[in-house]
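Visitor: Could you take me on a close look at the place where the two domains of this protein meet? I'm new to this, so please go step by step.

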Amino acid sequence: MTRISTDILVSGGGVAGLAAAALFGSAGFRVICVDPAPPVTDEAADGADLRTTAFLQPSLKVLREAGLWDRLAPHATELQVMRIVDAGGKTPAPRITRDFNAADVSDLPFGWNLPNWLLRREMVARVAELPNVEFRPGIGTKSVLTRDTEALVTLSDGTRVSARLLVAADGRHSPVREAVGIGARTIRYGQKALAFAVTHPQPHGNVSTEIHRSGGPFTLVPLPDRDGRPCSAIVWMERGPEALRLFAMQEAEFNAEMTARSGAIYGPLTLITRRTLWPIISQIAHRFSAQRTALVAEAAHVVPPIGAQGLNMSLADLRVLLELCRGAPAHIGEAAMLEMYHRRRYPEVAARVTGIDMLNRVSMQGAPAIRDLRGAGIAALYGLPPVRKTLMRAGLGVRLG
Ligand SMILES: Cc1cc2nc3c(=O)[nH]c(=O)nc-3n(C[C@H](O)[C@H](O)[C@H](O)COP(=O)(O)OP(=O)(O)OC[C@H]3O[C@@H](n4cnc5c(N)ncnc54)[C@H](O)[C@@H]3O)c2cc1C
């Protein structure tokens, strides 16, 4: 049986795990990253992740430090305005529209949108450049034993790894979280999200638009033009049975239905990728650390895709963890460091999970009276410049005060 040692073992090579490998590797730590599912790095391939990620301003610093931004920037679409639309009237036509313009609080756009399959492609390439990082796709974490001095991890190929720090980035059903005995609180909504891309006749103008009617938001996020036509990624949240109905619908009928749901703000929408379906939950682990182990990303927290918070919170986890490791490299993974990680991340994440849970519940409402209240709420909140700016900074993850 092979036995090896490393500074950091990252369990999970999804977008968060690969970002962790690139970040800690770029900082000079010895890293091994494992994942039983090899990454799909081509949009047309089966199993490609057709979601996109809107990276908000604070994430840019992390992507730069990970040596990723130069690779990603040429493919990114700038998001300058976040538009919130209430379409809760008798028809799906927009009845209240409010804009958050990044220019009100910053010289930069509020975010940059990138397809997840492309993130994987560029992250795998970045990790391959780093001699101190080893990515082992096709191999997973099988069992975990921790003690004061190390995490001893047995991989699915029989290799035993002694790591000073085990980073659990192995998703919402995290096998590492389970192995170290940390529970999680889960909220189910009976809701799913369809994620896909469309073209449309009218340009998006770098505006990301969230339209609220019932069942959850319908969000259009700008992508680069495709074959000379303006293009957007869509996340369409609905109650489970309705989402399944839309998923199975004939394409022409689907195009008509989504155009109606969009309020035809960009004219007729045309589907240009497969439709993919994602179950929606909120979840937060009871703790973000255990002996020699840190939970990050969906292993620690899951939120509905509202306000582009999920992966951005994950990069914030990595930023804090790296800061702690860099500050005391001789003490990586020790109890005091991991306690500090938990204390710095847990309250902030818990507040965001609560906030997004509330927004999602409000957005799901179908009763006309509640929809009217929601519309009035949007108009009032966004109408007051100081409140709007505070909300924007909080949404962007920019420190207040
Ligand atoms: C529709 C939708 C839209 C979204 N849009 C945004 C957005 O705009 N902005 C944003 O910030 N976030 C967004 N999110 C959230 C974001 O997509 C997720 O936070 C992110 O993809 C989760 O990444 P992850 O690496 O934590 O988990 P995963 O992608 O689930 O990766 C976990 C990995 O762990 C691996 N694994 C499983 N078992 C093992 C094992 N035993 N050993 C090792 N590895 C293992 C799995 O194979 C998998 O590759 C969105 C989410 C949804 C559903």
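Guide: Let's start with a term we'll need: a salt bridge is a side-chain nitrogen of Lys or Arg within 4 Å of a carboxyl oxygen of Asp or Glu. Searching the whole structure, which is a predicted model, turns up 24 salt bridges. Take Arg 71 and Glu 122, whose side chains meet in one of these, at 2.9 Å from N to O. Arg 71 sits in helix H3 (residues 69-72) and Glu 122 in helix H4 (residues 116-129), so this pair ties together parts that are 51 residues apart in sequence.

Now for the meeting place you asked about. The domain assignment splits the protein into domain 1, made of 4-72 + 114-186 + 283-361, and domain 2, made of 77-113 + 190-279. Going by C-alpha atoms, the centres of domain 1 and domain 2 are 29 Å apart. To the contact, domain 1 brings 23 residues and domain 2 brings 22 residues.

How do people put a size on something like this? The size of an interface is often given as the accessible area lost when the parts come together. Here, domain 1 and domain 2 bury about 1800 Å² between them, and 57% of that is on carbon and sulfur atoms. On the domain 1 side, the residues that lose the most area to domain 2 are Leu 50, Arg 51 and Gln 57, which together make up 29% of what that side buries.

What about salt bridges across the boundary? The count between domain 1 and domain 2 is one. Glu 43 and Arg 226 form a salt bridge, with their closest N and O atoms 3.0 Å apart. You'll also find nine residue pairs in polar contact between domain 1 and domain 2, counting pairs with both residues at pLDDT 80 or more.

Next, look at which elements build the side of domain 1 that touches domain 2. Those giving two or more residues are strand E3 (52-56), helix H2 (57-65) and strand E7 (111-115). E3 gives the most, with five residues. Sort that side of domain 1 by class and you get 13 nonpolar, six polar and four charged residues.

One last stop is the ligand. Of the 31 residues around the ligand, the ones that come nearest are Asp 35, Ala 54, Thr 141, Leu 311 and Asn 312. A polar backbone atom of Thr 141 is 2.9 Å from a nitrogen atom of the ligand. Ala 16 has a backbone N or O atom 3.1 Å from a ligand oxygen atom, and for Glu 298, a backbone N or O atom lies 3.1 Å from an oxygen atom of the ligand.

Methods: Residues are numbered from 1 along each chain as its sequence is written. This is a predicted model: local features need pLDDT of at least 70, side-chain atom pairs count only at pLDDT 80 or more; totals for chains, interfaces and linings use all residues. Side-chain values use heavy atoms; hydrogens and water are left out. Domain bounds come from an automatic or database domain assignment. Contact means heavy atoms within 4.5 Å. Buried area is the accessible area (1.4 Å probe) that two parts lose on being put together, summed over both. A polar contact is a pair of N or O atoms within 3.5 Å; within protein, one must be able to donate a hydrogen and the other to accept it, and residues adjacent in sequence count only if both atoms are side-chain atoms. Helices (H or I, at least four residues) and strands (E, at least two) are DSSP runs, numbered from the N terminus. Ala, Val, Leu, Ile, Met, Phe, Trp, Tyr, Cys and Pro count as nonpolar, Asp, Glu, Lys and Arg as charged, and the others, Gly among them, as polar. A residue is near a molecule or strand if one of its heavy atoms lies within 4 Å of it.
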